[in-house]
2 protein chains.
Amino acid sequence: MSQLRYPHLMATDRDSVLEAAVGILSRRPTAHLDEIARAAGISRATLHRIFPGREALILEVGALGLRRFSAALDTARVEEGNAEAALRRLVDAVVPDAALCAFLAGENQLYDHEEINDLWELQDARVRALFLRGQQEGVFRVELSAAWLSEAFFDLVAGIGWAVQEGRLAPRESAFSLAELFLGGALRRSDTP
Amino acid sequence: MSQLRYPHLMATDRDSVLEAAVGILSRRPTAHLDEIARAAGISRATLHRIFPGREALILEVGALGLRRFSAALDTARVEEGNAEAALRRLVDAVVPDAALCAFLAGENQLYDHEEINDLWELQDARVRALFLRGQQEGVFRVELSAAWLSEAFFDLVAGIGWAVQEGRLAPRESAFSLAELFLGGALRRSDTP
DNA sequence: AAATAATGAGACATGAATGTCTCAGTTGCG
DNA sequence: CGCAACTGAGACATTCATGTCTCATTATTT
(Lines give C-alpha, C1' and ligand atoms only; values in the text may rest on other atoms or scores of the structure.)
Protein backbone atom coordinates (compact mmCIF):
# COMPACT_ATOMS: atom_id res chain seq x y z
CA MET A 1 0.00 0.00 0.00
CA SER A 2 1.15 3.47 -0.80
CA GLN A 3 0.85 4.93 2.68
CA LEU A 4 3.87 2.85 3.59
CA ARG A 5 5.80 4.54 0.80
CA TYR A 6 4.94 8.19 1.44
CA PRO A 7 3.68 8.24 4.99
CA HIS A 8 3.62 11.98 5.38
CA LEU A 9 2.11 12.93 2.06
CA MET A 10 -0.35 10.12 2.35
CA ALA A 11 -1.38 11.25 5.81
CA THR A 12 -2.32 14.73 4.65
CA ASP A 13 -4.04 13.22 1.62
CA ARG A 14 -6.07 10.92 3.83
CA ASP A 15 -6.91 13.79 6.13
CA SER A 16 -8.07 16.01 3.29
CA VAL A 17 -10.40 13.26 2.12
CA LEU A 18 -11.62 12.80 5.67
CA GLU A 19 -12.34 16.48 6.03
CA ALA A 20 -14.31 16.46 2.83
CA ALA A 21 -16.18 13.45 4.16
CA VAL A 22 -17.03 15.31 7.34
CA GLY A 23 -18.54 18.12 5.34
CA ILE A 24 -21.02 15.66 3.90
CA LEU A 25 -21.46 13.22 6.74
CA SER A 26 -22.08 15.76 9.47
CA ARG A 27 -25.19 16.80 7.59
CA ARG A 28 -26.33 13.48 6.21
CA PRO A 29 -24.79 10.46 7.92
CA THR A 30 -26.37 8.21 5.31
CA ALA A 31 -24.73 9.89 2.34
CA HIS A 32 -23.53 7.50 -0.37
CA LEU A 33 -19.85 6.87 -0.89
CA ASP A 34 -20.28 8.25 -4.37
CA GLU A 35 -21.21 11.61 -2.97
CA ILE A 36 -18.36 11.61 -0.49
CA ALA A 37 -15.87 10.72 -3.19
CA ARG A 38 -17.09 13.55 -5.39
CA ALA A 39 -16.88 15.99 -2.48
CA ALA A 40 -13.29 14.92 -1.93
CA GLY A 41 -12.51 15.37 -5.60
CA ILE A 42 -11.62 11.74 -6.18
CA SER A 43 -13.37 8.75 -7.67
CA ARG A 44 -15.18 6.08 -5.76
CA ALA A 45 -12.48 3.63 -6.80
CA THR A 46 -9.74 5.72 -5.24
CA LEU A 47 -11.79 6.25 -2.15
CA HIS A 48 -11.98 2.48 -1.82
CA ARG A 49 -8.24 2.25 -2.33
CA ILE A 50 -7.61 4.62 0.57
CA PHE A 51 -10.27 3.26 2.89
CA PRO A 52 -11.26 -0.42 2.69
CA GLY A 53 -14.94 0.45 3.01
CA ARG A 54 -17.57 2.65 4.48
CA GLU A 55 -17.09 1.38 7.98
CA ALA A 56 -13.36 2.09 7.86
CA LEU A 57 -14.02 5.57 6.54
CA ILE A 58 -16.46 6.44 9.28
CA LEU A 59 -14.05 5.07 11.83
CA GLU A 60 -11.19 7.17 10.55
CA VAL A 61 -13.33 10.28 10.51
CA GLY A 62 -14.07 9.66 14.16
CA ALA A 63 -10.42 9.05 14.89
CA LEU A 64 -9.46 12.27 13.15
CA GLY A 65 -12.05 14.18 15.12
CA LEU A 66 -10.72 12.80 18.35
CA ARG A 67 -7.13 13.58 17.38
CA ARG A 68 -8.10 17.14 16.60
CA PHE A 69 -10.08 17.52 19.76
CA SER A 70 -7.25 16.08 21.79
CA ALA A 71 -4.84 18.47 20.13
CA ALA A 72 -7.18 21.37 20.92
CA LEU A 73 -7.18 20.40 24.59
CA ASP A 74 -3.40 20.36 24.51
CA THR A 75 -3.15 23.66 22.69
CA ALA A 76 -5.53 25.29 25.12
CA ARG A 77 -3.61 23.88 28.09
CA VAL A 78 -6.92 23.23 29.81
CA GLU A 79 -5.23 21.92 32.92
CA GLU A 80 -3.45 25.18 33.59
CA GLY A 81 -4.40 28.48 35.14
CA ASN A 82 -7.81 29.99 35.70
CA ALA A 83 -10.62 27.71 34.62
CA GLU A 84 -12.52 30.41 32.80
CA ALA A 85 -9.45 31.47 30.85
CA ALA A 86 -8.74 27.83 30.08
CA LEU A 87 -12.22 27.37 28.70
CA ARG A 88 -11.91 30.45 26.56
CA ARG A 89 -8.66 29.09 25.18
CA LEU A 90 -10.39 25.79 24.52
CA VAL A 91 -13.15 27.54 22.62
CA ASP A 92 -10.65 29.29 20.39
CA ALA A 93 -8.77 26.07 19.80
CA VAL A 94 -11.79 23.91 19.07
CA VAL A 95 -13.85 26.23 16.91
CA PRO A 96 -11.89 25.55 13.70
CA ASP A 97 -12.75 21.87 14.07
CA ALA A 98 -16.31 22.41 15.17
CA ALA A 99 -17.71 20.54 12.17
CA LEU A 100 -15.62 17.53 13.07
CA CYS A 101 -16.91 17.69 16.62
CA ALA A 102 -20.45 17.99 15.34
CA PHE A 103 -19.95 14.73 13.54
CA LEU A 104 -18.53 13.10 16.64
CA ALA A 105 -21.48 14.27 18.70
CA GLY A 106 -24.02 12.88 16.29
CA GLU A 107 -22.35 9.64 15.42
CA ASN A 108 -23.08 7.15 18.11
CA GLN A 109 -22.25 4.22 15.89
CA LEU A 110 -18.62 4.67 16.79
CA TYR A 111 -19.28 3.95 20.39
CA ASP A 112 -19.09 0.20 19.99
CA HIS A 113 -15.51 0.46 18.81
CA GLU A 114 -13.30 -0.03 21.80
CA GLU A 115 -10.29 2.02 20.75
CA ILE A 116 -12.40 5.00 19.69
CA ASN A 117 -14.51 4.68 22.79
CA ASP A 118 -11.52 4.71 25.10
CA LEU A 119 -10.01 7.71 23.37
CA TRP A 120 -13.29 9.58 23.57
CA GLU A 121 -13.68 8.74 27.23
CA LEU A 122 -10.21 10.13 27.84
CA GLN A 123 -10.92 13.49 26.20
CA ASP A 124 -14.33 13.72 27.79
CA ALA A 125 -12.76 13.17 31.18
CA ARG A 126 -10.38 16.07 30.58
CA VAL A 127 -13.29 18.37 29.84
CA ARG A 128 -15.24 17.17 32.85
CA ALA A 129 -12.15 17.69 34.98
CA LEU A 130 -11.90 21.25 33.73
CA PHE A 131 -15.44 22.00 34.84
CA LEU A 132 -14.97 20.24 38.14
CA ARG A 133 -11.83 22.23 38.78
CA GLY A 134 -13.63 25.41 37.84
CA GLN A 135 -16.40 24.61 40.27
CA GLN A 136 -13.95 23.95 43.06
CA GLU A 137 -12.21 27.22 42.30
CA GLY A 138 -15.51 29.03 42.52
CA VAL A 139 -15.44 29.98 38.85
CA PHE A 140 -18.25 27.78 37.53
CA ARG A 141 -21.69 27.37 38.99
CA VAL A 142 -22.15 24.43 41.28
CA GLU A 143 -25.90 24.16 40.78
CA LEU A 144 -25.20 22.62 37.39
CA SER A 145 -23.38 19.31 37.41
CA ALA A 146 -19.99 19.12 35.76
CA ALA A 147 -21.37 16.32 33.58
CA TRP A 148 -24.11 18.57 32.27
CA LEU A 149 -21.75 21.47 31.72
CA SER A 150 -19.55 19.16 29.70
CA GLU A 151 -22.48 17.79 27.75
CA ALA A 152 -23.85 21.25 27.03
CA PHE A 153 -20.45 22.46 25.93
CA PHE A 154 -20.23 19.68 23.36
CA ASP A 155 -23.76 20.38 22.19
CA LEU A 156 -22.95 24.02 21.58
CA VAL A 157 -19.69 23.24 19.84
CA ALA A 158 -21.60 20.93 17.54
CA GLY A 159 -24.24 23.61 17.06
CA ILE A 160 -21.54 26.08 16.07
CA GLY A 161 -20.24 23.58 13.56
CA TRP A 162 -23.66 23.10 11.97
CA ALA A 163 -24.56 26.77 11.99
CA VAL A 164 -21.30 27.82 10.35
CA GLN A 165 -21.48 25.04 7.82
CA GLU A 166 -24.97 26.01 6.76
CA GLY A 167 -24.18 29.69 6.67
CA ARG A 168 -26.42 30.65 9.57
CA LEU A 169 -23.49 31.98 11.56
CA ALA A 170 -20.44 33.93 10.43
CA PRO A 171 -17.24 31.96 11.14
CA ARG A 172 -15.60 35.02 12.64
CA GLU A 173 -18.38 35.34 15.17
CA SER A 174 -18.40 31.70 16.12
CA ALA A 175 -15.79 31.69 18.88
CA PHE A 176 -17.27 34.78 20.51
CA SER A 177 -20.82 33.48 20.24
CA LEU A 178 -19.90 30.14 21.73
CA ALA A 179 -17.84 31.49 24.62
CA GLU A 180 -20.23 34.27 25.53
CA LEU A 181 -23.38 32.22 25.47
CA PHE A 182 -21.90 29.29 27.28
CA LEU A 183 -20.13 31.29 29.93
CA GLY A 184 -22.46 34.23 30.34
CA GLY A 185 -25.83 32.89 29.25
CA ALA A 186 -28.52 34.65 27.30
CA LEU A 187 -29.59 37.14 29.92
CA ARG A 188 -28.39 40.68 29.79
CA ARG A 189 -26.71 41.85 32.97
CA SER A 190 -26.08 45.30 34.28
CA ASP A 191 -22.64 44.47 35.70
CA THR A 192 -20.24 42.03 34.09
CA PRO A 193 -18.26 40.27 36.81
CA MET B 1 -57.85 1.16 6.42
CA SER B 2 -58.54 1.01 10.09
CA GLN B 3 -57.72 4.61 10.89
CA LEU B 4 -60.90 5.51 9.09
CA ARG B 5 -62.81 3.25 11.42
CA TYR B 6 -61.40 4.29 14.77
CA PRO B 7 -59.84 7.65 14.12
CA HIS B 8 -59.16 8.52 17.74
CA LEU B 9 -57.86 5.19 18.92
CA MET B 10 -55.77 4.88 15.82
CA ALA B 11 -54.29 8.30 16.35
CA THR B 12 -52.97 7.46 19.81
CA ASP B 13 -51.82 4.09 18.50
CA ARG B 14 -49.93 5.76 15.71
CA ASP B 15 -48.43 8.27 18.11
CA SER B 16 -47.28 5.59 20.50
CA VAL B 17 -45.52 3.84 17.66
CA LEU B 18 -43.99 7.13 16.59
CA GLU B 19 -42.72 7.83 20.06
CA ALA B 20 -41.10 4.43 20.20
CA ALA B 21 -39.56 5.15 16.83
CA VAL B 22 -38.11 8.40 18.12
CA GLY B 23 -36.43 6.56 20.95
CA ILE B 24 -34.49 4.54 18.41
CA LEU B 25 -34.12 7.02 15.57
CA SER B 26 -32.82 9.90 17.63
CA ARG B 27 -29.85 7.73 18.52
CA ARG B 28 -29.37 5.93 15.24
CA PRO B 29 -31.15 7.48 12.25
CA THR B 30 -30.20 4.47 10.16
CA ALA B 31 -31.87 1.93 12.42
CA HIS B 32 -33.69 -0.86 10.59
CA LEU B 33 -37.45 -1.00 10.55
CA ASP B 34 -37.18 -4.33 12.29
CA GLU B 35 -35.62 -2.69 15.29
CA ILE B 36 -38.19 0.10 15.34
CA ALA B 37 -41.04 -2.36 15.15
CA ARG B 38 -39.65 -4.36 18.06
CA ALA B 39 -39.18 -1.19 20.10
CA ALA B 40 -42.83 -0.33 19.45
CA GLY B 41 -43.90 -3.82 20.48
CA ILE B 42 -45.35 -4.68 17.11
CA SER B 43 -44.24 -6.72 14.15
CA ARG B 44 -42.64 -5.36 11.03
CA ALA B 45 -45.76 -6.36 9.12
CA THR B 46 -48.00 -4.25 11.32
CA LEU B 47 -45.59 -1.36 11.16
CA HIS B 48 -45.93 -1.52 7.41
CA ARG B 49 -49.70 -1.61 7.73
CA ILE B 50 -49.67 1.61 9.74
CA PHE B 51 -47.00 3.43 7.74
CA PRO B 52 -46.59 2.70 4.03
CA GLY B 53 -42.82 2.69 4.35
CA ARG B 54 -39.75 4.07 5.98
CA GLU B 55 -40.05 7.45 4.35
CA ALA B 56 -43.62 7.87 5.54
CA LEU B 57 -42.61 6.87 9.05
CA ILE B 58 -39.77 9.39 9.22
CA LEU B 59 -42.06 12.04 7.87
CA GLU B 60 -44.70 11.37 10.48
CA VAL B 61 -42.15 11.41 13.26
CA GLY B 62 -41.10 14.84 12.07
CA ALA B 63 -44.70 15.98 11.85
CA LEU B 64 -45.37 14.75 15.37
CA GLY B 65 -42.32 16.56 16.65
CA LEU B 66 -43.46 19.78 15.05
CA ARG B 67 -46.98 19.37 16.40
CA ARG B 68 -45.60 18.86 19.89
CA PHE B 69 -43.23 21.77 19.59
CA SER B 70 -45.98 23.99 18.28
CA ALA B 71 -48.19 22.96 21.15
CA ALA B 72 -45.39 23.73 23.58
CA LEU B 73 -45.09 27.24 22.17
CA ASP B 74 -48.82 27.67 22.62
CA THR B 75 -48.81 26.28 26.13
CA ALA B 76 -45.95 28.54 27.12
CA ARG B 77 -47.67 31.56 25.59
CA VAL B 78 -44.31 32.74 24.31
CA GLU B 79 -45.78 35.88 22.84
CA GLU B 80 -47.00 37.14 26.20
CA GLY B 81 -45.39 38.91 29.11
CA ASN B 82 -41.78 39.16 30.12
CA ALA B 83 -39.46 37.45 27.66
CA GLU B 84 -37.44 35.69 30.31
CA ALA B 85 -40.53 34.32 31.98
CA ALA B 86 -41.83 33.27 28.58
CA LEU B 87 -38.65 31.38 27.87
CA ARG B 88 -38.79 29.64 31.23
CA ARG B 89 -42.34 28.57 30.46
CA LEU B 90 -41.18 27.33 27.09
CA VAL B 91 -38.44 25.28 28.70
CA ASP B 92 -40.93 23.61 31.01
CA ALA B 93 -43.29 22.92 28.15
CA VAL B 94 -40.72 21.57 25.75
CA VAL B 95 -38.62 19.40 28.04
CA PRO B 96 -41.03 16.44 28.02
CA ASP B 97 -40.66 16.29 24.25
CA ALA B 98 -36.95 16.96 24.18
CA ALA B 99 -36.17 13.63 22.54
CA LEU B 100 -38.55 14.46 19.75
CA CYS B 101 -36.85 17.81 19.29
CA ALA B 102 -33.47 16.10 19.28
CA PHE B 103 -34.64 14.05 16.36
CA LEU B 104 -35.92 17.11 14.56
CA ALA B 105 -32.63 18.90 15.07
CA GLY B 106 -30.60 16.06 13.66
CA GLU B 107 -32.81 15.05 10.79
CA ASN B 108 -32.12 17.29 7.86
CA GLN B 109 -33.66 14.87 5.41
CA LEU B 110 -37.04 16.30 6.22
CA TYR B 111 -36.09 19.68 4.96
CA ASP B 112 -36.88 18.91 1.37
CA HIS B 113 -40.50 18.23 2.24
CA GLU B 114 -42.40 21.41 1.68
CA GLU B 115 -45.17 21.01 4.23
CA ILE B 116 -42.79 20.03 7.00
CA ASN B 117 -40.40 22.74 6.03
CA ASP B 118 -43.03 25.44 6.15
CA LEU B 119 -44.30 24.28 9.51
CA TRP B 120 -40.78 24.22 10.89
CA GLU B 121 -40.07 27.68 9.57
CA LEU B 122 -43.20 28.91 11.30
CA GLN B 123 -42.22 27.57 14.70
CA ASP B 124 -38.63 28.68 14.29
CA ALA B 125 -39.83 32.18 13.52
CA ARG B 126 -41.82 32.22 16.74
CA VAL B 127 -38.73 31.35 18.74
CA ARG B 128 -36.62 33.93 16.94
CA ALA B 129 -39.33 36.51 17.56
CA LEU B 130 -39.20 35.70 21.25
CA PHE B 131 -35.50 36.39 21.40
CA LEU B 132 -35.81 39.51 19.32
CA ARG B 133 -38.53 40.79 21.58
CA GLY B 134 -36.42 39.96 24.60
CA GLN B 135 -33.52 41.89 23.18
CA GLN B 136 -35.69 44.89 22.48
CA GLU B 137 -37.04 44.74 26.00
CA GLY B 138 -33.51 44.73 27.33
CA VAL B 139 -33.88 41.22 28.75
CA PHE B 140 -31.60 39.29 26.42
CA ARG B 141 -28.08 40.22 25.40
CA VAL B 142 -27.78 42.09 22.15
CA GLU B 143 -24.18 41.07 21.49
CA LEU B 144 -25.49 37.65 20.50
CA SER B 145 -27.75 37.56 17.46
CA ALA B 146 -31.31 36.37 17.88
CA ALA B 147 -30.60 33.73 15.26
CA TRP B 148 -27.75 32.31 17.29
CA LEU B 149 -29.74 32.41 20.52
CA SER B 150 -32.46 30.47 18.76
CA GLU B 151 -30.00 28.00 17.30
CA ALA B 152 -28.27 27.48 20.62
CA PHE B 153 -31.58 26.98 22.37
CA PHE B 154 -32.49 24.17 20.00
CA ASP B 155 -29.06 22.62 20.39
CA LEU B 156 -29.41 22.55 24.16
CA VAL B 157 -32.94 21.19 24.01
CA ALA B 158 -31.65 18.41 21.80
CA GLY B 159 -28.76 17.87 24.17
CA ILE B 160 -31.19 17.54 27.06
CA GLY B 161 -33.11 14.96 25.08
CA TRP B 162 -30.03 12.88 24.39
CA ALA B 163 -28.64 13.18 27.90
CA VAL B 164 -31.90 12.13 29.53
CA GLN B 165 -32.40 9.31 27.09
CA GLU B 166 -28.96 7.91 27.78
CA GLY B 167 -29.25 8.32 31.50
CA ARG B 168 -26.58 10.98 31.81
CA LEU B 169 -29.03 13.49 33.22
CA ALA B 170 -31.89 13.00 35.63
CA PRO B 171 -35.22 13.90 34.00
CA ARG B 172 -36.22 15.95 37.02
CA GLU B 173 -33.14 18.10 36.68
CA SER B 174 -33.51 18.63 32.97
CA ALA B 175 -35.74 21.70 32.92
CA PHE B 176 -33.66 23.44 35.57
CA SER B 177 -30.39 22.56 33.89
CA LEU B 178 -31.57 23.78 30.54
CA ALA B 179 -33.05 27.05 31.74
CA GLU B 180 -30.21 27.92 34.07
CA LEU B 181 -27.41 27.20 31.67
CA PHE B 182 -29.04 28.87 28.74
CA LEU B 183 -30.18 31.95 30.60
CA GLY B 184 -27.42 32.35 33.13
CA GLY B 185 -24.44 30.66 31.56
CA ALA B 186 -21.80 28.56 33.21
CA LEU B 187 -20.09 31.28 35.20
CA ARG B 188 -20.79 31.67 38.85
CA ARG B 189 -21.89 35.16 39.81
CA SER B 190 -21.86 36.90 43.11
CA ASP B 191 -25.21 38.63 42.56
CA THR B 192 -28.06 37.07 40.65
CA PRO B 193 -29.89 39.83 38.75
C1' DA C 1 -69.98 -19.75 20.31
C1' DA C 2 -69.36 -18.11 15.60
C1' DA C 3 -67.68 -14.79 12.66
C1' DT C 4 -64.94 -11.10 11.55
C1' DA C 5 -60.90 -8.39 11.95
C1' DA C 6 -56.22 -7.71 13.28
C1' DT C 7 -51.79 -9.45 14.18
C1' DG C 8 -47.34 -12.00 13.86
C1' DA C 9 -44.21 -14.96 11.58
C1' DG C 10 -42.09 -16.10 7.68
C1' DA C 11 -41.07 -16.56 2.64
C1' DC C 12 -40.03 -14.10 -1.41
C1' DA C 13 -38.91 -10.45 -4.80
C1' DT C 14 -36.88 -5.98 -5.51
C1' DG C 15 -33.75 -2.36 -5.52
C1' DA C 16 -30.07 0.20 -4.06
C1' DA C 17 -25.58 0.68 -2.07
C1' DT C 18 -21.50 -1.58 -1.47
C1' DG C 19 -17.37 -4.21 -2.59
C1' DT C 20 -14.44 -6.02 -6.36
C1' DC C 21 -12.53 -6.16 -10.75
C1' DT C 22 -10.64 -4.65 -15.32
C1' DC C 23 -8.80 -1.42 -18.51
C1' DA C 24 -7.61 2.86 -20.55
C1' DG C 25 -5.75 7.36 -19.62
C1' DT C 26 -2.79 10.29 -16.79
C1' DT C 27 0.85 11.72 -13.91
C1' DG C 28 5.39 11.50 -12.09
C1' DC C 29 10.01 9.96 -11.97
C1' DG C 30 14.29 8.12 -13.63
C1' DC D 1 11.69 9.46 -23.68
C1' DG D 2 10.08 5.32 -21.38
C1' DC D 3 8.68 3.05 -17.38
C1' DA D 4 6.11 2.60 -13.25
C1' DA D 5 2.55 4.00 -10.32
C1' DC D 6 -1.74 6.09 -9.81
C1' DT D 7 -6.26 7.38 -11.06
C1' DG D 8 -10.99 7.39 -13.09
C1' DA D 9 -14.75 5.26 -15.43
C1' DG D 10 -17.40 1.57 -15.83
C1' DA D 11 -19.05 -3.29 -15.51
C1' DC D 12 -20.21 -6.90 -12.40
C1' DA D 13 -21.48 -9.68 -8.29
C1' DT D 14 -23.03 -9.40 -3.60
C1' DT D 15 -25.23 -8.10 0.30
C1' DC D 16 -28.90 -6.31 2.88
C1' DA D 17 -32.89 -3.43 3.97
C1' DT D 18 -37.11 -2.76 2.18
C1' DG D 19 -41.61 -3.78 0.29
C1' DT D 20 -45.15 -7.34 -0.66
C1' DC D 21 -47.47 -11.44 0.00
C1' DT D 22 -49.57 -15.59 2.36
C1' DC D 23 -51.19 -18.17 6.20
C1' DA D 24 -51.90 -19.53 10.88
C1' DT D 25 -53.01 -17.53 15.31
C1' DT D 26 -55.13 -14.41 18.31
C1' DA D 27 -58.55 -10.91 19.68
C1' DT D 28 -62.71 -8.73 19.19
C1' DT D 29 -67.43 -8.26 18.11
C1' DT D 30 -72.03 -9.82 17.78
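This passage goes through how the two protein chains pair up and how they sit against the DNA strand. The model is predicted, so local features are taken only at pLDDT of at least 70 and side-chain atom pairs only at pLDDT 80 or more, while totals for chains, interfaces and linings use all residues. Side-chain values use heavy atoms, with hydrogens and water left out, residues are numbered from 1 along each chain as its sequence is written, and chains are lettered from A and ligands numbered from 1 in the order in which they are written.

Symmetry is a handy place to start. A turn of 180 degrees with a shift of 0.0 Å along the axis lays chain B on chain A at an RMSD of 0.1 Å (least-squares superposition on the C-alpha atoms of residues with pLDDT of at least 70 in both copies). That is the relation of a two-fold axis. In chain B, the C-alpha nearest this axis belongs to Gly185(B), at 1.8 Å.

Next comes the protein-protein interface. Taking contact as heavy atoms within 4.5 Å, 40 residues of chain B touch 40 residues of chain A. The copies meet through the same surface, because 100% of the interface residues of chain B are also interface residues in chain A. About 4000 Å² is buried between the two chains, 60% of it on carbon and sulfur atoms; buried area here is the accessible area (1.4 Å probe) that two parts lose on being put together, summed over both. In chain B, Arg141(B), Trp148(B) and Leu187(B) lose the most area to chain A, and together they make up 18% of what that side buries.

On the polar side of things, four salt bridges cross between chain B and chain A (a side-chain nitrogen of Lys or Arg within 4 Å of a carboxyl oxygen of Asp or Glu). Arg141(B) turns up again here, with its side chain meeting that of Glu180(A) in a salt bridge at 2.5 Å, N to O. The two chains also share 20 residue pairs in polar contact, both residues at pLDDT 80 or more. A polar contact is a pair of N or O atoms within 3.5 Å; within protein, one must be able to donate a hydrogen and the other to accept it, and residues adjacent in sequence count only if both atoms are side-chain atoms. On the side of chain B that touches chain A, the elements giving two or more residues are α8 (146-165) and α9 (171-184) of chain B, with helices being DSSP runs of H or I, at least four residues, and strands runs of E, at least two, numbered from the N terminus. The largest share, 10 residues, comes from α8(B).

As for the DNA, 15 residues surround strand C, the closest being His32(A), Arg54(A), Ser43(B), Thr46(B) and Arg49(B); a residue counts as near if one of its heavy atoms lies within 4 Å of the strand. Of the strand C atoms within 4 Å of the protein, 55% belong to sugar or phosphate and the rest to bases. A backbone N or O atom of Leu33(A) sits 3.2 Å from a phosphate oxygen. Bases get attention too: a side-chain N or O atom of Arg44(A) is 3.2 Å from a base oxygen of strand C, and a polar side-chain atom of Arg49(B) is 3.1 Å from a base oxygen. Two or more residues of this surface come from α3 (44-50) of chain A and likewise from α3 (44-50) of chain B, and α3(B) gives the largest share, four residues.
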